[in-house]
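Let's walk through this model together, one region at a time. Have the viewer open and follow along.

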Amino acid sequence: MSELTPLREQLLRCLADGQFHSGEQLGEQLSVSRAAVGKHVQALRALGLEVYSVSGKGYRLAVPLQLLDQARLSEALAPNRAELVPVIGSTNQHWFDALSRLEKGDICVAECQTAGRGRRGRQWISPFGGQLIMSMYWRLEQGMAAAMGLSLVVGIAVVEALEAQGFAGVELKWPNDLYLNGRKLAGILVEMSGTAGGPCQLVIGMGLNLLLPRSEQERIDQPWAELAELGNIEDRNGLVIAVANHMQRSLVLFEREGISAFREQWNRLDYFNGKAVRVLMGEQQIHGIARGIDAQGALLLELESGEIKRFLGGEISLRGNLGDL
């Protein structure tokens, strides 16, 4: 994976408008040769960007790109820290390495992750500028037990932030995914550290598909969706600000009242609610009808016998759809 050097970042800003720019013009602007421009364009492609090259016209991005703006994010989210690292291994890992200097609500955002992690150790594909990639630090004084159901609350907060930005129709998959028309739009990864009886430190990571280049789409091994299906994404920075603010407000309420305060919202947004599903627990599969969550955030499953069984772990999918697990 290439680095985003200052020169390449400058090149990207020149190309961000989605228009053609000749190699000669770009070389003049960057004070490098046309051959060097070509090499740096290759490095941008290695970051997952789709750059067209047409003889006699020059280079252009397949779609215009709104770059994240450190100054705007810092101003809008003050007094919290908003740290932008354009190309990063993992925002979650970066924030874990910085725990000692963080305050509740501080966020790290990136344009591209080279070592992003999904649930159960899966790789998270994150092409440059194609997603909203963010990690937030939080701390629960009540300890690890108080974190039960937290990923559900984060999911609700993100959906409500998207709704507030005009993107309606996103649903939730227990316990930590966002769905659009039955396909995965975003994943949430909550990682924690703490000791028995002490406070719990949390890093809450999220990757939300915005608009993915075709070259990267082929690398995703499950049904996926992108926010652009719901309308034009006119302000990526505004989206980051909205998500961070909604998450903060929801986490404060969660600390005060627990998951029970969010049960009604979850059951309204739950993609699987009322559907025939299977829950995978290790090698065991349990079939039933999903009935939302209980006051502790456990998944409720109605068995054929009519008995309601609750699950605090496991993987859920529509019956007959193993690709989701």
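How many disulfides does the count come to? With a disulfide taken as a pair of cysteine sulfur atoms within 2.5 Å, the count comes to 0 disulfides. Cys14 is in no disulfide, and its nearest cysteine sulfur, that of Cys112, is 20 Å away. Cys112 is in no disulfide either, the nearest cysteine sulfur being that of Cys108, at 13 Å. For reference, a disulfide is a covalent bond between the sulfur atoms of two cysteines. Cys14 counts as buried, at 14% relative accessibility, and Cys112 counts as buried at 0%; buried means under 20% relative accessible area, exposed means over 50%, and partly exposed lies in between, using a 1.4 Å probe and protein chains only.

A word on the ground rules before we go on. This is a predicted model, so local features need pLDDT of at least 70 and side-chain atom pairs count only at pLDDT 80 or more, while totals for chains, interfaces and linings use all residues. Residues are numbered from 1 along each chain as its sequence is written, and side-chain values use heavy atoms, with hydrogens and water left out.

Now find strand 9, which covers residues 177–180. Helices (H or I, at least four residues) and strands (E, at least two) are DSSP runs, numbered from the N terminus. Both faces of strand 9 are covered: Asp177 and Tyr179 are buried on one side, and Leu178 and Leu180 are buried on the other.

What joins strand 9 to the strands on either side in the numbering? Two strands pair if DSSP finds at least two bridges between them. Strand 8 (residues 171–173) runs antiparallel to strand 9, and 3 bridges join them. These two strands form a hairpin with 3 residues between them, and Glu171 has Tyr179 as its bridge partner in strand 9. Strand 10 (residues 183–194) is also antiparallel to strand 9, joined to it by 4 bridges. One bridge partnership here is that of Leu180 with Arg183 in strand 10, and another is that of Asp177 with Gly187. The hairpin of strand 9 and strand 10 has 2 residues between the strands, and there Asn181 takes a positive phi near 50 degrees.

Continue along the chain and strand 10 meets strand 11 (residues 200–209), again antiparallel, with 9 bridges joining the two. Ala186 has Leu208 as its bridge partner in strand 11. In this hairpin there are 5 residues between the strands, and Gly197 takes a positive phi near 85 degrees.

Go back to Asp177 in strand 9 for a closer look. Asp177 counts as buried because its relative accessibility is 10%. Its side chain is joined to that of Lys184 by a polar contact of 3.4 Å. A polar contact is a pair of N or O atoms within 3.5 Å; within protein, one must be able to donate a hydrogen and the other to accept it, and residues adjacent in sequence count only if both atoms are side-chain atoms. Leaving aside neighbours within four places in sequence, Asp177 is in contact (heavy atoms within 4.5 Å) with Glu171, Leu172, Lys184, Ala186, Gly187 and Ile188.

Tyr179 takes us to the aromatic residues. The structure holds 3 aromatic pairs, where rings of Phe, Tyr and Trp (its six-membered ring) pair if their centres lie within 6.5 Å, and planes under 30 degrees apart count as stacked, over 60 as edge-to-face and the rest as tilted. Tyr179 and Tyr271 make a tilted pair, with 5.3 Å centre to centre and 45 degrees between the planes. Tyr179 lies in strand 9 and Tyr271 in the loop between helix 9 (263–269) and strand 12 (276–281), so the pair ties together parts that are 92 residues apart in sequence. Tyr179 counts as buried at 1% relative accessibility, and Tyr271 is buried with a relative accessible area of 13%.

The rings of Tyr271 and Phe272 have centres 5.0 Å apart and planes at 80 degrees, so this pair is edge-to-face. Phe272 is buried, as is Tyr271, and Tyr179, Tyr271 and Phe272 form one aromatic cluster.
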